[in-house]
Amino acid sequence: MQEGKMTKIGRRCFVAGVVQGVFYRHGTKEQADSLGLTGWVKNLDDGRVEALLFGEEDQVVTMLEWLAVGPDRAVVTSLEVFEADLEPATSFEIVRD
């Protein structure tokens, strides 16, 4: 087994483009649930989507690849990713205003 393969990490992501009104948050939740990630996703007032992801490193990397494309109707123009401290979470939620 490779050292560090089961490392839990946290990432805060900001996604820009056509990412609101195209089921981006719902698609993100479906992907996160299928990968076993915890955290949340929400729309921002400036038109971006923010997501906080926690999980095994390889699952988070897979999720980041999905975020860079999004669901069919989305047009992602940028994805910013920052390290985030791990927080206790038991599920992945859509945060609504």
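1. Two strands are said to pair when DSSP finds at least two bridges between them. With that in hand, here are my notes on this predicted model. C13 is a good place to start: its bridge partner in strand 3 is A51. A51 in strand 3 is also the bridge partner of V41. V41, in turn, stands opposite I94 in strand 5. Follow those residues and you have walked across a good part of the sheet.

2. Now the whole sheet. It is open, with five strands in the order 4-1-3-2-5, and the pairing is mixed. Strand 4 and strand 5 are the edges, each pairing on one side only. From one strand to the next, the twist averages 20 degrees. Helix 1 packs on this sheet and touches strands 1, 2, 3, 4 and 5, with its direction at about 170 degrees to that of strand 5.

3. On the individual pairings: strand 1 (8-18) and strand 3 run antiparallel, held by eight bridges. K8 has E56 as its bridge partner in strand 3. Strand 2 (residues 38-43) is likewise antiparallel to strand 3, with six bridges. Strand 2 and strand 5, by contrast, are parallel and joined by four bridges.

4. Strands 2 and 3 form a hairpin, with five residues between them. Have a look at G47 in that turn, where phi is positive at about 95 degrees.

5. Is strand 3 mostly covered or mostly open? Mostly covered: eight of its eight residues are buried. Strand 5 is another story, as its side chains alternate. F92 and I94 point to one face and are buried, whereas E93 and V95 point to the other and are not.

6. What does helix 2 do with its buried residues, V60, M63, L64, W66 and L67? They fall within an arc of 160 degrees when you look down the axis of helix 2, so they line one face of the helix. The general rule behind this is that an α-helix has 3.6 residues a turn, so residues three or four places apart point the same way. The cover over the buried residues of helix 2 includes strand 1, helix 1, strand 3 and strand 4 (75-83). Helix 2 itself lies across strands 1, 3 and 4, at about 155 degrees to strand 3.

7. Which members of the largest nonpolar core touch the most other members? In this set of 20 residues, they are Y24, L53, M63 and L67. At least two core residues come from each of strand 1 (8-18), helix 1 (24-35), strand 3 (49-56), helix 2 (57-67) and strand 5 (92-95). Helix 2 gives the most, with five residues.

8. Y24 deserves a click of its own. Setting aside neighbours within four places in sequence, its contacts are V15, V19, V49, W66, L67, G70, P71, A74 and V76. Two of these, W66 and L67, are among the buried residues of helix 2.

9. I'd check F23, in the loop between strand 1 and helix 1. F23 has a positive phi, near 65 degrees, although it isn't a glycine. As a general matter, most residues other than glycine have a negative phi. F23 counts as exposed because its relative accessibility is 53%, and the cut-off for exposed is over 50%.

10. The loop between strand 4 and strand 5 holds two residues I'd flag. One of them is L86. Its C-alpha is 6.6 Å from that of I9, although the two are 77 residues apart along the chain. Beyond four places in sequence, L86 touches K8, I9, G10 and F54.

11. The other is S91, in that loop between strands 4 and 5. S91 is partly exposed, with a relative accessible area of 29%. Its C-alpha sits 7.8 Å from that of D33, across a gap of 58 residues in sequence. Not counting residues up to four places away, S91 touches L37, T38 and G39. The S91 side chain also makes a polar contact with the side chain of E93, at 2.5 Å. As for E93, its side chain is on the face of strand 5 opposite to F92 and I94.

Definitions and conventions:
Residues numbered from 1 in each chain as written. Predicted model: local features only at pLDDT ≥ 70, side-chain atom pairs only at ≥ 80, totals over all residues. Heavy atoms only, no water. Core = buried A, V, L, I, M, F, W, Y, C linked by side-chain atoms within 4.5 Å. Buried < 20%, exposed > 50% of the residue type's maximum accessible area, 1.4 Å probe, protein only. Contact = heavy atoms within 4.5 Å. Arc of directions from axis to C-beta. Polar contact = N/O pair within 3.5 Å; in protein donor to acceptor, adjacent residues only side chain to side chain. Axes fitted to C-alpha atoms, helices over the stretch in contact; angles between N-to-C directions.
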